[in-house]
Amino acid sequence: MQQEYQDFIIRDWEEGDRTMAASLIGSVLAEYGLSWEPATADQDVLEVEAYYLKTGGEFWVIERHNQLVGTGGYYPVQRGKKAVEIRKMYLLPIVRGQGLGKFLLQKLENAIAARGFEQIWIETASVLTQAVNLYETNSYNSATGVETARCDRVYVKQIRNQSG
């Protein structure tokens, strides 16, 4: 997969992206006073193959001028019927406010729908106000059942009508 948005390239994660993706996510978490948790909440970034690629999910990176500036992915979860969770949707401060987050969310939703999933779950923290606003303005509904210690919000969105 490769998509372009303005001067950004969104592409499939490659093994050589592991360290930079982890560093980027860690820096965004630190910016908001949240901790990097490699043994629990962030283990999926260090083991993309096991968490995303081998389970039917995808993990993408965003580049601008050959520099990693963002990440985003999803993988199937047991929370609902034909459900996935969008995870690790992070953008560096220098690229925020340009519509990239909304574009990335729409591309993730399109990829998820194309694979036949029906529900999208997202966990986030209230301190990530731009993320909260993005989800709430894109038809994500507040739900219960936060599973990640540093998160205090969970959202769900139906992406196609369930039949039967």
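This tour proceeds through a predicted model, one selection at a time.

**The hairpin at the start of the chain**

Begin by selecting residues 2-5, which form strand E1, together with residues 8-12, which form strand E2. The two strands run antiparallel and are joined by 4 bridges. To see one pairing, select Gln-3 in E1 and look across to Ile-10, its bridge partner in E2. E1 and E2 form a hairpin, with 2 residues between them. Select Gln-6 in that turn; its phi is positive, at about 50°.

**Aromatic rings**

Next, display the side chains of Tyr-5 and Phe-8. How are these two rings arranged? Their centres are 6.5 Å apart and their planes meet at 20°, so the pair is stacked. Planes under 30 degrees apart count as stacked. Both Tyr-5 and Phe-8 are buried. The structure holds 7 aromatic pairs. For a further group of rings, select Tyr-51, Tyr-52, Phe-59 and Tyr-75, which form one aromatic cluster.

**Two loop residues**

Move now to Ser-35, in the loop that lies between helix H1 (18-31) and helix H2 (43-46). Is Ser-35 buried or exposed? With a relative accessible area of 39%, Ser-35 is partly exposed. Show its side chain together with that of Glu-37: the two make a polar contact at 3.0 Å. Leaving out residues up to four places away in sequence, Ser-35 touches Leu-29, Asp-42 and Arg-150. Then add Ile-122, which is 87 residues from Ser-35 along the chain; the C-alpha atoms of the two are separated by 18 Å.

The second stop is Thr-148, in the loop between strand E7 (141-143) and strand E8 (153-158). Its relative accessible area is 15%, so Thr-148 is buried, since buried means under 20%. Which residues does Thr-148 contact, apart from its neighbours within four places in sequence? They are Ala-41, Arg-87 and Glu-123, which may be selected together with Thr-148.

**The cavity**

Finally, turn to the interior space. A search of the whole structure finds 1 cavity of 30 Å³ or more. The largest cavity holds about 230 Å³ of space, and 19 residues line it. Select Lys-88, Tyr-90, Glu-123, Thr-124 and Cys-151, the lining residues that lie nearest its centre. Then colour strand E5 (83-91), strand E6 (119-124) and helix H5 (129-136), each of which supplies at least two residues of the lining. Which of these elements gives the most to the lining? Strand E5 does, with 6 residues.

Key: Residues numbered from 1 in each chain as written. Predicted model: local features only at pLDDT ≥ 70, side-chain atom pairs only at ≥ 80, totals over all residues. Heavy atoms only, no water. Pairing = 2+ DSSP bridges. Phe/Tyr/Trp six-rings, centres within 6.5 Å; stacked < 30°, edge-to-face > 60°. Buried < 20%, exposed > 50% of the residue type's maximum accessible area, 1.4 Å probe, protein only. Contact = heavy atoms within 4.5 Å. Polar contact = N/O pair within 3.5 Å; in protein donor to acceptor, adjacent residues only side chain to side chain. 1 Å grid on protein atoms, 1.4 Å probe; cavity = no way out; pocket = protein on both sides within 12 Å on 5 of 7 lines; lining within 4 Å. Points joined across faces, edges and corners; volume = space filled by probe spheres on them.
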